[in-house]
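Q: Please take a close look at one part of this model and describe it in detail. After that, I would like to see how the rest of the chain fits in.

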Amino acid sequence: MNHPPQSFRLLPGAADSPVILHVPHSSRVIPESVRDGIVLDDRALESELDHITDSHTAEIAAAAVGTAPVTPWRFVNGLSRLVIDPERFPDEREEMLAVGMGAVYTHTTHRDRLRPPGADPQPLIDRYFHTYAQAMTAAVGERLAATGRAVVIDVHSYPTEPLPYELHGHGTRPPICLGTDDFHTPPQLLAHAEKAFAGFGGTGINSPFAGTYVPLKYYGKDQRVSALMIEIRRDTYMSEPGGAAGPGLTALAAALAGLVDALSV
């Protein structure tokens, strides 16, 4: 019997660690039942995965865990964001709906059709999006119960050159983009990140990607949950698009481990 791929994994850290490294976009896995609803041929789909996947970010997070003095928790998406994107709003609040990239994408990075017109997103949202959100909400709740706080660090990457789907691709594209939220990103968290990632040629804030991920149960409501998005420009650690990782991966993992260490005190 063929078992469906695991949708996500919560990898335990130290009992007293408040940090969750969230890796939502690193996988290329698409279940066969979902593949059947995608109109791209295999070659076009592989090309789209090269562009849309935050390749090797799971490896960066794993390497950081291996050297961090206090082991953080990791929540890793096991499926491609072409199945569902767990970081989108599942309703009309999502600005990426304008380019066909809500919780369930209808279009590609180059604004071509990904799914047929009229495709119903609800079955994918019910099967994958809600279960992911519930598990991430529970993981944050467990850190709050154990340590009195939770720090969600989103680990992403982005292409050196803007892609047609980007709504804010005209902005600066620093080696490290830090996405913040007015409610959930305290100044000290941002300062720790700027210090940890200072050695890669510069950091920027909220350009070309802004905001960060907080489960909706806590979003805008509970400041014990802090959050920061780290967007790594891909030329700092890999060949684009979708190529192999290079030596930059180790240095980035060390910087992430340094950030985790600062947040674990």
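A: Val155 stands opposite Ile230, a residue of strand β7. This is a predicted model, in which local features need pLDDT of at least 70 and side-chain atom pairs count only at pLDDT 80 or more, while totals for chains, interfaces and linings use all residues. Residues are numbered from 1 along each chain as its sequence is written, and side-chain values use heavy atoms, with hydrogens and water left out.

Let's stay with β7, which covers residues 225-233. Strands here are DSSP runs of E with at least two residues, helices are runs of H or I with at least four, and both are numbered from the N terminus. Two strands are said to pair if DSSP finds at least two bridges between them. On that basis, β4 (residues 150-158) is joined to β7 by nine bridges, and the two run parallel. Besides the pair already mentioned, Asp154 has Met229 of β7 as its bridge partner. Strand β5 (residues 176-179) also pairs with β7, this time antiparallel and over four bridges. There, Leu178 stands opposite Ile230. Ile230 thus faces Val155 in one pairing and Leu178 in the other.

How buried is β7? All nine of its nine residues are buried, so the strand is largely enclosed by the rest of the structure. Buried means under 20% relative accessible area, exposed means over 50%, and partly exposed is anything in between (1.4 Å probe, protein chains only). In a regular strand the side chains alternate between the two faces of the sheet. In β7 both faces are covered: one carries Val225, Ala227, Met229, Glu231 and Arg233, the other Ser226, Leu228, Ile230 and Ile232. Note that Glu231 and Arg233 are among the buried residues.

The partner β4 is mostly covered too, with nine of its nine residues buried. Ala150, Val152, Asp154, His156 and Tyr158 point one way, and Val151, Ile153, Val155 and Ser157 the other. β4 also pairs in the parallel sense with β2, over four bridges, and here Leu21 stands opposite Ile153.

The loops that flank β7 deserve a check of their backbone geometry. Most residues other than glycine have a negative phi, and most peptide bonds are trans. Before β7, in the loop that follows β6 (203-205), sits Pro208; the peptide bond from Ser207 to Pro208 is cis, with omega near 10°. That loop between β6 and β7 also holds Asn206, which is not a glycine but has a positive phi of about 60°. Asn206 is partly exposed, at 29% relative accessible area. On the other side, Pro241 is found in the loop between β7 and α6 (248-263), and the bond joining Glu240 and Pro241 is cis, with omega about -15°. Elsewhere, Arg111 has a positive phi near 65° and lies in the loop between β3 (73-77) and α4 (122-147). Its relative accessible area is 44%, so Arg111 is partly exposed.

Two more loop residues help to place the surroundings. Ala15, between β1 (8-11) and β2 (19-23), counts as exposed at 62% relative accessibility. Beyond its neighbours within four places in sequence, Ala15 is in contact (heavy atoms within 4.5 Å) with Arg143, Ala146 and Thr147. Thr147 is 132 residues away from Ala15 in sequence, with 8.3 Å between the C-alpha atoms. Gly169, in the loop between β4 and β5, is buried at 16% relative accessibility. Its C-alpha lies 27 Å from that of Asp41, with their positions 128 residues apart in sequence.

Now for the whole chain. The protein has six helices and seven strands, in the order β-β-α-α-α-β-α-β-β-α-β-β-α from the N terminus. Among contacts with a separation of 6 or more, 79% link residues 24 or more positions apart. Of the 265 residues, 53% count as buried. The radius of gyration is 18 Å, which agrees with the value near 18 Å for a compact globule of 265 residues; this is taken over C-alpha atoms, and the rule is 2.2 Å times the number of residues to the power 0.38. Along the principal axes, the C-alpha atoms fill a box of roughly 50 × 40 × 40 Å.
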